[in-house]
Every structure is written in C-alpha cells, then in structure tokens.
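Subject: Structure handover

Hi,

Here is the structure I promised to pass on to you. Have a look at it first, and then read on for what turned up in it.

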Amino acid sequence: MSAAGSAIKIRRKKNVKKGIQFCLMVCGASGTGRTTFVNTLCGRPVLEGQDDDDPTTAHIEQGVSIKPATVELELDEEGTRVSLTIVDTPGFGDAIDNEAAFGEISSYLERQYDDILAEESRIKRNPRFRDNRVHVLLYFVQPTGEFLPGTKYPTPLDYPVANNFQAMVSASSTLS
C-alpha cells in the first residue's frame with residue numbers, strides 16, 4: 001500500500017470518528033428559494049418559510065437578520081457525520097438600496113474570523129470551540145431578467161473574507 005493510500009484511510013477513520021464541520025451561508029431576496037434549497041439539501045425541514053400575507057404588517061421593512069442553524073447529517077453507509085451550519089439571511093435583498101445589508105453580512109463574516117483569532121490566541125483553548133467561518137456563500141439571483149437600474153448586486157469583491165462566493169439562479173425553470 002502506498003503512503004498516499006494509507007493517509008487517505010487514516011483521514012477517513014478520523015472523519016468517521018470525529019465528523020466534518022461545514023458552514024454554508026445562503027443570501028438572496030425573499031422568494032428566491034433559499035429555504036426550499038436548504039430543506040431539499042438536508043432532506044428534512046431545517047428552515048421555516050415566511051408568509052407575509054398580513055396586510056397590516058406587509059409594508060414594514062424588517063431589515064436583515066442573520067440566523068445560523070446547525071444540522072447533523074449522515075453522509076454514507078460508513079457513518080460519516082457532517083455537522084452542517086446553515087446561515088440564513090432573511091430580509092437581504094428586499095430593499096432597493098442594499099448597502100446596509102452588505103455591511104451587515106460583511107461584518108458577520110469578519111466577526112467569525114475575529115472569533116477564531118481570539119480563540120487561537122488564548123493560552124488555554126476551549127477544546128469544544130466551534131469554527132463557524134463560512135465555507136461557501138450562495139447568492140440566489142431572481143430569474144426574471146429584469147433589474148432596476150442603479151440596483152447593486154453583490155460580487156465577490158463585496159465580501160473579501162468570503163473565499164467561496166457562488167451566484168445561483170433560483171427557480172431556473174421559469175426561464176424556459
């Protein structure tokens with residue numbers, strides 16, 4: 001057996017025993033399918049959808065809220081566990097001017113890196129400390145093809161600490 005093959009087996013054993021931690025952030029305007037995507041990915045209801053059918057509160061702008069939720073999943077028959085932290089951002093992209101929302105999400109991402117730095121700088125570290133840095137940021141784009149002139153859409157340059165930024169066309173079946 002080669003050294004690479006034995007290293008893969010050792011890593012596999014460690015992953016089965018300890019589990020894998022992964023953090024996913026989903027962004028996009030309301031109604032773009034963030035909740036449906038996450039619930040389908042996990043195979044069970046993880047996030048609850050919002051129904052704003054009440055006409056007395058429909059005009060009130062909620063603003064951006066950042067809601068992390070952790071889900072334990074089992075990947076394969078060998079029992080590899082994945083601890084998936086999903087960070088939902090309801091209210092992001094609902095306003096015409098989303099500068100405040102960009103700032104809110106950027107400060108959240110930077111805060112996660114600051115927490116890691118603070119924990120790594122300690123003399124006595126917490127062995128149960130959870131790394132919640134975002135591994136991938138999924139941005140759901142509305143498939144209408146229409147946009148408002150002057151509306152700013154996020155780019156990877158808006159989130160310098162998010163090293164994996166993916167734009168996704170939501171409900172792409174509406175394009176055909």
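Which residue forms a salt bridge with Arg-133? The partner is Asp-131, and the closest N and O atoms of the two are 2.8 Å apart. Before going further, please keep in mind that this is a predicted model. As for the setting of that pair, Arg-133 counts as partly exposed, at 27% relative accessibility, and Asp-131 is also partly exposed, at 24%.

Salt bridges

The structure holds four salt bridges, and two others are worth describing here. One of them joins Arg-34 and Asp-88, with 3.0 Å between the closest N and O atoms. This pair links distant parts of the chain: Arg-34 sits in helix H2 (residues 34-42) and Asp-88 in strand E3 (residues 81-88), 54 residues apart. Both Arg-34 and Asp-88 are buried.

Then there is the salt bridge in which the side chains of Glu-119 and Arg-122 meet, at 3.3 Å from N to O. Are its two ends buried or exposed? Glu-119 has a relative accessible area of 6%, so it falls under the 20% cut-off and is buried. Arg-122 is partly exposed because its value of 48% lies between the 20% and 50% cut-offs.

Nonpolar cores

The largest nonpolar core has 14 residues, of which Met-25, Cys-27, Phe-92, Ile-105, Leu-109 and Leu-137 touch the most other members. At least two residues of this core come from each of strand E1 (20-28), helix H3 (99-121) and strand E4 (136-141). H3 gives the largest share, with five residues. Separate from this is a second core of 13 residues, and among its members are Leu-24, Cys-42, Leu-47 and Val-82.

A residue in strand E5

Finally, you may like to look at Ala-167, which lies in strand E5 (residues 165-169). Is Ala-167 buried or exposed? Its relative accessible area is 56%, which is over the 50% cut-off, so Ala-167 counts as exposed. Which residues is Ala-167 in contact with, leaving aside its neighbours within four places in sequence? They are Tyr-139 and Val-141. The C-alpha atoms of Ala-167 and Tyr-139 are separated by 4.7 Å, although the two residues are 28 apart along the chain.

Happy browsing, and best wishes!

Methods:
Residues numbered from 1 in each chain as written. Predicted model: local features only at pLDDT ≥ 70, side-chain atom pairs only at ≥ 80, totals over all residues. Heavy atoms only, no water. Core = buried A, V, L, I, M, F, W, Y, C linked by side-chain atoms within 4.5 Å. Buried < 20%, exposed > 50% of the residue type's maximum accessible area, 1.4 Å probe, protein only. Helix = DSSP H or I, 4+ residues; strand = E, 2+ residues; numbered from the N terminus. Contact = heavy atoms within 4.5 Å.
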